[in-house]
Amino acid sequence: MVRETQLAPDDFIYPLFVTHGRNVRQPINSMPGVFQLSIDQLAQEAESVLSLDIPAVLLFGIPAAKDPVGLENFAAEGIVQQAVRALKSVAPELLVITDVCLCEYTDHGHCGLLNNPDEHHAHLEEGYVLNDETLPILAQAAVSHAQAGADIVAPSGMMDGMVAAIRTALDAHDFSHIPIMSYAVKYASGFYGPFREAAGGAPKFGDRKTHQMDPANAREAVREAALDVAEGADFLMVKPALAYLDVIHRLRERFPELPLAAYNVSGEYSMVKAAAANGWLDEQKIVLETLTSIKRAGADLIITYHAKDAAQWLQQR
Ligand code: PBG
């Protein structure tokens, strides 16, 4: 009765990694319980998610081939586009959110197009991410996901102007009703390590510090979020969650009008799983405590690999 924070399965968004092939259920070593799934596995997955009252999934695609631009990202027969159609045909009531970024699709593993050091920037030794040149590709990918039936698009690349570019493109293609969940505040974090095994998106050289945020900065987070709000973001997101509860709290206070999501990322999941496997922590206790804390800090929604387990535990209570 006097509990201030309620945790429920409908707070959760469950990430799914989809891959080409048939009957694929490829375990991710560093994320016990998480798999790369082929399209034929998705109906079963949708059913289990919905039966646990989890309303939404977030899709990441593993393409058949990678190239400098990431062509499969915006191909009508791309892996994510196929997955969206498959999920929508078996479970139209399941909300399908798609990750919109380049890093899973590019051979260099970066979140944007790279400059060609031979051409205009001969003084630079290695390629760096070209912000403005990347925007049309993100817009094209978002439109392609919407055409496949995605309910919400979630651009995760932290490119400046990405929300505005995607909004304009969606509106021009009669998708003005499709909301944008912006990874407004995404830190250059060590906690994404296991995800890079799951989605195969590690940068082949360099890092993401030119576009992701410095973990030392919180005021900058508010500025980043304000820019995305001005560009038309419908949801804000903070990522990772646990080491950034103060940032979640700041955004909650500053932008009370927008739904706020927090991404409880791969490394946060792996730490709990590893400790639990060793008998060092009580997994159920730790997971429910963690997720409750993320909500207490101010998140409305939590993207978490623990979603199915947590939903089950909540229902057993
Ligand atoms: C980028 C993206 C990443 C994650 C989600 N979207 C990786 C990155 O920025 O390096 C990480 C999520 C996780 O660690 O669970 N498309």
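**Helix H4, internal spaces and backbone features of the predicted model**

Immediately after helix H4, Asp174 adopts a positive phi of about 65 degrees. The structure described here is a predicted model, and Asp174 belongs to the loop that runs between H4 and S7. Asp174 is exposed, its relative accessible area being 64%, a value that counts as exposed because it is over 50%. Most residues other than glycine have a negative phi, whereas Asp174, which is not glycine, has a positive one.

Helix H4 itself spans residues 162-172, and its buried residues are Met162, Val163, Ala165, Ile166, Arg167, Ala169 and Leu170. An α-helix has 3.6 residues a turn, so residues three or four places apart point the same way. The cover over the buried residues of H4 is provided by elements that include the strands S5 (95-100), S6 (152-155) and S7 (181-186), together with the helices H3 (131-148) and H6 (219-231).

A second positive phi in a residue other than glycine occurs at Asp53, where the angle is near 65 degrees. Asp53 is situated in the loop that links helix H1 (42-51) and strand S4 (56-62), and with a relative accessible area of 48% Asp53 is partly exposed.

The empty space within the model was examined next. Rolling a probe the size of a water molecule over the atoms shows where empty space is left. Three cavities of 30 Å³ or more are present in the structure, and the largest cavity holds about 160 Å³ of space. The largest cavity is lined by 19 residues, among which Cys103, Lys186, Tyr192, Phe195 and Lys239 are the closest to its centre. Strand S7 and helix H5 (193-199) each contribute at least two residues to this lining, which comprises nine nonpolar, four polar and six charged residues.

Lys239, one of the residues closest to the centre of the largest cavity, is also joined to Pro240 by a cis peptide bond, with omega at about -10 degrees. Pro240 is placed in the loop between strand S8 (235-239) and helix H7 (245-254). Most peptide bonds are trans.

Besides the cavities, the largest pocket contains about 180 Å³ of space. Its lining consists of 13 residues, and those nearest the centre of the pocket are Asn131, Met158, Asp160, Thr210 and His211. By class, five residues of the pocket lining are nonpolar, four are polar and four are charged.

The packing of two further helices can be described in similar detail. Two packed helices are described by the angle between their axes and the distance between the axes. For helix H9 (residues 283-297) and helix H10 (residues 307-316), the axes come within 10 Å and cross at roughly 95 degrees; H9 and H10 are therefore roughly perpendicular to each other. The contact is formed by Glu283, Gln284, Val287, Leu288 and Leu291 of H9, which meet Asp309, Ala310, Trp313 and Leu314 of H10. Six nonpolar, one polar and two charged residues make up this contact of H9 with H10.

Finally, Glu4 lies in the segment that precedes strand S1 (12-19), and Glu4 is exposed, with a relative accessible area of 80%. Although Glu4 and Arg296 are 292 residues apart along the chain, their C-alpha atoms are separated by 8.0 Å.

Key
Residues numbered from 1 in each chain as written. Predicted model: local features only at pLDDT ≥ 70, side-chain atom pairs only at ≥ 80, totals over all residues. Heavy atoms only, no water. Buried < 20%, exposed > 50% of the residue type's maximum accessible area, 1.4 Å probe, protein only. Helix = DSSP H or I, 4+ residues; strand = E, 2+ residues; numbered from the N terminus. Contact = heavy atoms within 4.5 Å. 1 Å grid on protein atoms, 1.4 Å probe; cavity = no way out; pocket = protein on both sides within 12 Å on 5 of 7 lines; lining within 4 Å. Points joined across faces, edges and corners; volume = space filled by probe spheres on them. Nonpolar A, V, L, I, M, F, W, Y, C, P; charged D, E, K, R; others polar. Axes fitted to C-alpha atoms, helices over the stretch in contact; angles between N-to-C directions. Parallel < 35°, antiparallel > 145°, perpendicular 65-115°, else oblique.
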